[in-house]
Amino acid sequence: SIFSFGQENKNRISVFSEIDVEDLVQNSESGFWGVSYQYQFKSNQSLEGYAALKEYNQLLGIDYQYDFNLIGNNLKFNLGAGTGVNFYQMKGLDGREIFLTGIGGLNYSFSNNPISIFANYRPKVDFPSFDVLSTTDIRVGVGFRF
């Protein structure tokens, strides 16, 4: 069977880097560094909360993801959506933007090891500016399942 309806480890703590593609191309800036906690509440469905930092920016958010098993229970394709807040300081001004994000990516869990690696493509829509094309992020990370 391609689909598996159980997972021994329902929790994952991860360290990740999130790179804003536009900032990388235009400004050569480093991306966000963050930590996340993911809880699988149903078969192949999970919620993930995260916090990330970059020089004068902080991200807080929550995501919902659904996993599709590709190779056993090791390689998974995930789709999801999330929301969050970006707190920033620019030229002495403090501000915040609320954003919605889509998620599409891959997650690989090593068979007899609690370590997993992942990569996600994350297009975002910022509010109140409603700037659809300004923020597209790529997130890569390493997680520990327990």
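## Surroundings of Ser46

Ser46 is in contact with Gln38, Tyr39, Gln40, Phe41, Asp63, Tyr64 and Gln65, leaving aside residues up to four places away in sequence. These contacts, like the other features reported here, belong to a predicted model. Ser46 itself lies in strand β3, which spans residues 45-54.

The relative accessibility of Ser46 is 3%, and Ser46 is therefore classed as buried, the limit for that class being under 20%. Its side chain forms a polar contact of 3.0 Å with the side chain of Gln38.

## Nonpolar surface patch

Ile13, Tyr37, Tyr39, Phe41, Leu47, Ile62, Tyr64, Phe144 and Phe146 together form a nonpolar patch of about 800 Å² on the surface. Two or more residues of this patch come from each of β2 (32-42) and β4 (57-71). Strand β2 provides the largest share, with 3 residues.

Phe41, a residue of strand β2, is a member of the patch and also touches Ser46. Because its relative accessibility is 34%, Phe41 counts as partly exposed.

## Overall architecture

The protein contains 1 helix and 8 strands. Read from the N terminus, these elements follow the order β-α-β-β-β-β-β-β-β. Of the contacts between residues at least 6 apart in sequence, 48% link residues at least 24 apart.

Of the 146 residues in the protein, 38% are buried. The exposed area of the protein is about 8,500 Å², of which 65% is supplied by carbon and sulfur atoms.

How values were computed: Residues numbered from 1 in each chain as written. Predicted model: local features only at pLDDT ≥ 70, side-chain atom pairs only at ≥ 80, totals over all residues. Heavy atoms only, no water. Helix = DSSP H or I, 4+ residues; strand = E, 2+ residues; numbered from the N terminus. Buried < 20%, exposed > 50% of the residue type's maximum accessible area, 1.4 Å probe, protein only. Polar contact = N/O pair within 3.5 Å; in protein donor to acceptor, adjacent residues only side chain to side chain. Contact = heavy atoms within 4.5 Å. Patch = residues over 30% accessible without salt bridge, like charges linked within 9 Å, V, L, I, M, F, W, Y side chains within 5 Å. Areas by Shrake-Rupley, 256 points an atom, 1.4 Å probe, with all protein chains shown as cover. Salt bridge = Lys/Arg side-chain N within 4 Å of Asp/Glu carboxyl O.
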